[in-house]
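Student: I would like to learn how to read strand pairing and interfaces from a set of coordinates. Could we take one structure and work through it together?

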Amino acid sequence: METRQLEVAGTRTRRKDGVAKVTGRETFSSDVYLPGMMHAVVLRSPYPHAEVVDIDVSEAERMGAVCLTPFDVPDIVYNERTVSIPEKTYRDRTVLPKRVRHVGEAVAAVAHDTEELAMQAVSKIKVQYKELPYVLDAEEAMAERHGARLYDTVFLGEESIQVKNNIACERSIAVGDVEDGFRRADVTVESEFEAQRMYHAQMETKAAVCAPEPDGGITVWTTTQTIHNVRQLLGQIFNLPLHKVNVKRIALGGAFGSSIQMNSITPICVALALRAKRPVKLVTSREEDMYDHVKYPVKFWLKFGAQKDGRLVAAHMKALVDIGAHNIQAYPLLGCIAGWFASLYKFPNLLFEGKAVYTNKVPACAMQGYGNPQTNFAVESLMDMLAEELGIDPIQLRLMNYVGVGDEFWGQGPTVRSIIKSCGVEEMLSRGAAMIGWDRRVHPWQKSGDVVRGIGVARGFHTSGTGGPRPGEVIDYSSATIKVNEDGSVDLITPVMDQGGGTWEAAAKVVAEVLKVPLDMVGISPSDTRTTGYDVCTHATRGVYCGVGAVLHVAEQVRQKILEMAARILEQNPRDLSMERNEEIGQAVIYPTGLPDKFITLGEVAKTAQIKSWGTIAATDSYRQKNCPPCFVTHFVEVEVEKKTGRVRIVRAALLGDCGTPINPDMVKGQLVGGLCRGLAFALLEETAYDKSTGRLVCGGYLTDYKLPTACEMPAIDDIMVGFANTYEPTGPLGAKGIGEAALNSAASAIVNAIYNATGIRFKKLPVTPERMLEALREGVAR
Amino acid sequence: MMEGYAIELTVNGRRVCAEVRADETLLEFLRTQLRIIDAKLGCGKGDCGTCTVLLDGRPVKSCIVLAASADGKDVKTLSGMQEEPLIKALQESFVTHGAVQCGFCTPGMILTAASYLREHENPSRDDIRRALSGNLCRCTGYKKIVDATEAVAKRNT
Ligand code: FES
Ligand code: FES
């Protein structure tokens, strides 16, 4: 494919939604106020596991509240995430459950004229629970003798299946012959690793507003990464035809995966609105949000075998995922963990064995990286251990074994694979090494004093979307509509959600690029499920590669139509016309090739087409990407460890990203720096700990007690260096791949490797809190 | 029902008389009674700073201030300060520095930055980071927010 000369894409621009955001005029779901709107409050379980025997709402109703209990909700068992094909989708939940399976699970809800009245009413609801044995630990949950059983049966597709020993699902994936591989290894290393339960902590808590419409339909504004999947699920649960379910696209105050699905409060809000026949708004408190979703915590056992020269010959991974009370996407997650594991280095023989286990804790769901940061932490830690065992430089060992151009990449587990066509791994390793000063790095045992520094490296990647040459277990396509207005401006209508990373901006830039219009002549139209074709979800780093890929596909069609209309006016063959951006006129201009003076503007073309009743220049289409190119990253980090306090600080970092053409270079940088911040949180700070005697969260719903990083925890700012690999992805829109999730994936691993280089202590459990550091130092694990 | 308090205050330059509950927070009052949505509810516990407003010129977390205690006072939110040069400069700087991702933290961040810059000349980056440390942002990693604030501080001095 051609490498185009880019004029708009790839340049720094002011983001279109910037003005609304800095003036506070951007509207988020919680900012939607409708006339006659009621406010909803949810009653949540104080018990980790209990049967709901009876609910008495009579007093709340006497106060004028509209109430909803598990006995009133549709009898539909659903999975809030519908990204996988139905036969691979597990279903285990209802809008409100007759059996609560974690503290904080919704039991009932009320709506009233004000939030205050709703609160008063909810406090009058009497629930009779029958407490059941509960289990908070995944290993205990699998024990034959344990009395806590979360489910007897669940659905897989349409089939009802038994749940044994709380095991939600298992997956085992092999390549080659791992035993034979290990037999041929000169050196083996193995270790356990543990990544914690982290909370998304998106700044906007989950919210929904639902307005019942006169025709019996509903209009919904809600925090979600996928308006179309929310629409389909609501249609199914409430038995409404889809044309009567309209979900509005609205700004999202961050998500990081927490809204990859239809949030549990959305159908609660809809059910209340349908009962009340009035609009209802439901905004969760921060504490409720913390009880809604967390990142998947994973325990790994990992073993590598290598030859003396450093070539990897075999690898074996076991992964145990504690999914909490619902199976949202554990099956595809296990496949993805296998894929992240299989695709970082070339293992000719490989075995993956994964298990996902129910516990009476907050349900886990995707969070930036979808198992990749966890897997990366295990793989990149063990790579450093292997490098030390072999006496090979960690960078060298990585260069010898990385998966690159021409190799197969598993973009979304074993069923979504494609061949890598662009790769900046070598460039990033060598440039990053120079940026951080890798040659200054010395062994931990050459360091002394109370404050020690260390340098670490880790490489990572993420997929760009979930498309492969053949459709796999994961649905992936997107749609777009583009129309040219009669003054030469352009409306772009896309169903794709933007989590804040700039997907809409990238889409507008691609339109401007292809149609040769100035960027400020492209408007991103408000949209909803009624006015757009399907888009699966803004997940899997697919916003730019797939969502904008569809925009490019449609923009090319519109370009063709423009040329055809212009040809009629200019009495030329469309093939003999050229299109150009004319900044002076502020329009695209079209002219017979070689005769630039004979131009007409795009506005003239569109206006003429309208006056002569030729029609509107517009196109709508869907598009599926048939690849899932990895966007690579490399993190180099220098840390400082204070031995007296156990505190770890990041003093410098070099972040390198390979996203093909960076369509929004500024925003790509922003993603990399933001990724470092969340990586630091993952490595050093955050964990949702449980009180074992109550099943409650220890942080009590406080973000500060949960230890979210503030501006002060970031490195002294000048010392974050950011670089892009110079690559072009032939299958991507204008050469682009994704970046979003990759930006995080190897950040924590690099920090942990740097801590080892500083102290000689290999941390295998995250987060490395000051307490854990002090304990390790006391135990004298250091050499 | 709970007893109401009559309060009289200035909000974004407008005189407002209203009745509030004893336990009604300033944030709730601004959002639900006055429909001023640029002050956001990120936590309701004083942790995140998305609800920052100016009370008699000083930044407060309005989710932990009682509306009744604002009686007789002057309240300003970001949307009421669009004409102030320092606010304008920060807004412009946030956009050009890419300090905005999802934007949920942005109004509070800009108000806090403005209040700080108004009283401190020539702050170091570290000073700025400390000044902003009561406002959480999950998206940006703070770097560009500090960059944007610093750029305005430099122009100011
Ligand atoms: S909402 Fe007030 S500090 Fe978070
Ligand atoms: S930009 Fe999203 S929280 Fe700050």
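Student: How many bridges join E27(A) to strand E28 of chain A, and in which sense do the two run?

Tutor: Before answering, keep in mind that this is a predicted model, so the values we discuss are computed from predicted coordinates. Strand E28 covers residues 587-592 of chain A, and 6 bridges join E27(A) to this strand, the two running antiparallel. For one position within that pairing, look at A:Arg581, which stands opposite A:Ala588 in E28(A).

Student: In what order do the strands of that sheet lie, and which of them stand at the edges?

Tutor: The sheet is an open one of 3 strands in chain A, in the order E27-E28-E29, with antiparallel pairing. Strand E27 (577-582) and strand E29 (600-601) of chain A each have a single partner strand, so one side of each is left without a neighbour in the sheet.

Student: What is the strand order in the sheet of chain A that contains E4, E8 and E9?

Tutor: That open sheet of chain A has its 3 strands in the order E4-E8-E9, and the pairing is antiparallel. Its edge strands are E4 (90-91) and E9 (159-162) of chain A, each of which pairs on one side only. Strand E8 of chain A, residues 153-156, pairs with E9(A) in the antiparallel sense over 4 bridges, and within the sheet A:Phe155 stands opposite A:Ser160 in E9(A).

Student: Let us turn to interfaces. How much area is buried between chain B and chain A, and what part of it do carbon and sulfur atoms give?

Tutor: The size of an interface is often given as the accessible area lost when the parts come together. For chain B and chain A this buried area is about 4,500 Å², of which carbon and sulfur atoms give 60%. In terms of residues, 47 from chain B are in contact with 61 from chain A.

Student: How many salt bridges and how many polar contacts are counted between the two chains?

Tutor: The count of salt bridges between chain B and chain A is 6, and one of them joins the side chains of B:Arg31 and A:Asp31, with an N to O distance of 2.7 Å. Across the interface of chain B and chain A there are also 25 residue pairs in polar contact, counted where both residues have pLDDT 80 or more.

Student: Which elements of chain B supply the side that touches chain A?

Tutor: The elements giving two or more residues to that side of chain B are helix H1 (26-33), helix H2 (85-96), helix H3 (106-119), helix H4 (125-131) and helix H5 (143-156). H2(B) gives the most, with 5 residues. Sorted by class, the side of chain B that touches chain A has 18 nonpolar, 13 polar and 16 charged residues.

Student: The same reading should apply inside a chain. Into which domains is chain B divided, and how far apart are their centres?

Tutor: Chain B is divided into domain 1 (4-79) and domain 2 (82-156), whose C-alpha centres lie 22 Å apart. Their contact takes 17 residues from domain 1 of chain B and 16 residues from domain 2 of chain B. Together these domains of chain B bury about 1,300 Å² between them, with 62% of it on carbon and sulfur atoms. The polar side of the account is 0 salt bridges and 4 residue pairs in polar contact, both residues being at pLDDT 80 or more.

Student: Which strands contribute to the side of domain 1 of chain B that touches domain 2 of chain B?

Tutor: Strand E3 (52-55) and strand E4 (58-61) of chain B each supply at least two residues of that side, and E3(B) gives the most, with 3 residues. The residues of this side of domain 1 of chain B divide into 6 nonpolar, 6 polar and 5 charged.

Student: How are the domains of chain A laid out along the sequence, and what separates their centres?

Tutor: In chain A, domain 1 consists of 18-25 + 477-623 and domain 2 of 415-461 + 629-783, with 39 Å separating their centres, taken over C-alpha atoms. Between them, 15 residues of domain 1 of chain A are in contact with 19 residues of domain 2 of chain A, and the two domains bury about 1,200 Å², 67% of it on carbon and sulfur atoms.

Terms used
Residues numbered from 1 in each chain as written. Chains lettered and ligands numbered in written order. Predicted model: local features only at pLDDT ≥ 70, side-chain atom pairs only at ≥ 80, totals over all residues. Heavy atoms only, no water. Domains from an automatic or database assignment. Contact = heavy atoms within 4.5 Å. Buried area = accessible area lost by both parts, 1.4 Å probe. Salt bridge = Lys/Arg side-chain N within 4 Å of Asp/Glu carboxyl O. Polar contact = N/O pair within 3.5 Å; in protein donor to acceptor, adjacent residues only side chain to side chain. Nonpolar A, V, L, I, M, F, W, Y, C, P; charged D, E, K, R; others polar. Pairing = 2+ DSSP bridges.
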